[in-house]
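Colleague: Please take one part of this model and go through it closely. I would like the pairing, the turns and the packing around it in one connected account.

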Amino acid sequence: MQKVTIGIDIGGTGTKFGLVNMEGKVLFHDKIDTADYKKFDEYIDALSTKIKTTMAGHLADHELIGIGVGAPNGNYFTGTVSYAPNLPWKGVLPISDSLTEKFGVPTVVSNDANAAAVGEHVFGGAKKMKDFIMVTLGTGLGSGFVSNGQLVIGHDALAGEMGHIAVKYGRGRSCKCGKKGCLETYVSATGINRTIFKLLVDSHEDSVFRGVTFNELTTKEISQAADNGDKIAIEAFRYTGKVLGAKLADMVTIFNPEAIFLFGGLSQAGDHIFKPTIRYMEKNLMKIYKDKVQVLPSELGSQGAPIIGAASLVWSKLKS
């Protein structure tokens with residue numbers, strides 16, 4: 001009987017889950033709406049029921065050995081999610097204990113960026129690497145650091161919050177964390193939207209984005225506009241890459257990684273984001289680091305990556 005894990009990716013609007021085998025293949029996947037449940041217990045009951053119902057046929061033919069959960073503010077040590085700003089429930093949520101009680105198998109919890117880093121290490125392009133950085137470019141900016149083959153977790157499981165290092169100290173764009181000038185306010189899906197609108201205000205260039213509202217704008221549309229030569233879109237990517245590249249240069253100085261992987265919606269823009277990021281990273285590196293660090297797209301694939309990343313937390317823990 002083949003061993004499998006369940007990967008669960010908890011987001012503010014939706015929760016994705018799937019059954020993942022030892023080769024990193026998603027055998028089955030589904031989702032529920034996170035925001036439909038006002039109480040955490042109701043959410044756990046609904047999620048567990050949905051998993052058991054939709055996966056009943058698959059689980060009958062496989063041995064379930066554990067559950068991995070990627071969630072904002074997920075704590076690897078305590079198995080909890082603590083005060084996540086974009087989830088509907090407040091306080092400290094006992095994710096691990098709740099799911100272990102429902103399924104009778106161990107549950108491993110971490111934040112979503114750490115889960116992506118572990119997934120890349122176990123199943124993706126970092127299989128043969130001991131030192132690399134994963135940067136997730138979604139609504140915000142997350143990051144996971146692997147050093148000497150081990151995920152860097154930190155004393156309180158809060159290490160690697162690269163999205164909240166400062167681009168501008170004490171000033172600049174307001175962040176939901178309460179600070180100003182955080183990296184994710186410049187480099188993320190919402191960050192590049194903010195850049196687009198600043199450029200529209202500061203420029204008289206024609207652009208397809210004039211007349212578009214902030215909430216209507218998507219990273220895919222910005223990328224398509226850049227493909228079509230829209231100068232505002234091209235400049236937005238250049239500026240975003242400039243900011244990201246400079247901060248990656250700082251991370252290279254601290255961690256000396258073999259590679260940096262970019263994942264998430266913004267990374268799907270391809271050369272529009274990769275070329276300026278690499279150019280400005282190299283520009284800001286000390287000479288001893290130049291031309292030694294690869295900046296690569298994640299090999300997990302965009303659709304199943306959150307599930308694979310979460311499930312890989314179990315495989316990684318079993319190996320350690």
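Modeller: Start at Val-146, which stands opposite Leu-151 in strand β11. This is a predicted model. Strand β11 covers residues 150-151, runs antiparallel to β10 and is joined to it by 2 bridges. The two strands form a hairpin with 2 residues between them. In that turn, Asn-148 has a positive phi of about 55 degrees.

Now the other partner of β10. Strand β9, residues 132-137, pairs with β10 in the antiparallel sense over 6 bridges. Within this pairing, Ile-133 has Phe-145 as its bridge partner in β10. Here too there is a hairpin, with 3 residues between β9 and β10.

How covered is β10 itself? The strand spans residues 141-147, and 6 of its 7 residues are buried. In a regular strand, side chains alternate between the two faces of the sheet.

Next, the packing. Both β9 and β10 supply at least two residues each to the largest nonpolar core. That core has 38 residues. Val-135, Met-162, Val-187, Phe-209, Ile-260 and Met-281 touch the most other members. Besides the two strands, α5, α6 (219-227), α7 (231-255), β12 (259-263) and α8 (271-284) each supply at least two residues. Helix α7 gives the most, with 10 residues.

Look at Met-281 in particular. Leaving out residues up to four places away in sequence, Met-281 touches Gly-245, Leu-248, Ala-249, Val-252, Ile-260, Val-293 and Val-295. A second, separate core holds 27 residues, among them Phe-17, Met-55, Leu-64 and Val-69.

Back to the backbone, past β11. Ala-157 is found in the loop between β11 and α5 (189-202). Its phi is positive, about 60 degrees, although Ala-157 is not a glycine. Is Ala-157 buried or exposed? Ala-157 counts as buried because its relative accessibility is 3%, and the cut-off for buried is under 20%.

Set Tyr-83 beside it. Tyr-83 lies in the loop between β6 (80-82) and β7 (92-93). Its phi is near 50 degrees, again a positive value in a residue other than glycine. Tyr-83 has 59% relative accessibility, so it counts as exposed; the cut-off there is over 50%. Thus one positive-phi loop residue, Ala-157, is buried, whereas Tyr-83 is exposed.

Key: Residues numbered from 1 in each chain as written. Predicted model: local features only at pLDDT ≥ 70, side-chain atom pairs only at ≥ 80, totals over all residues. Heavy atoms only, no water. Buried < 20%, exposed > 50% of the residue type's maximum accessible area, 1.4 Å probe, protein only. Helix = DSSP H or I, 4+ residues; strand = E, 2+ residues; numbered from the N terminus. Pairing = 2+ DSSP bridges. Core = buried A, V, L, I, M, F, W, Y, C linked by side-chain atoms within 4.5 Å. Contact = heavy atoms within 4.5 Å.
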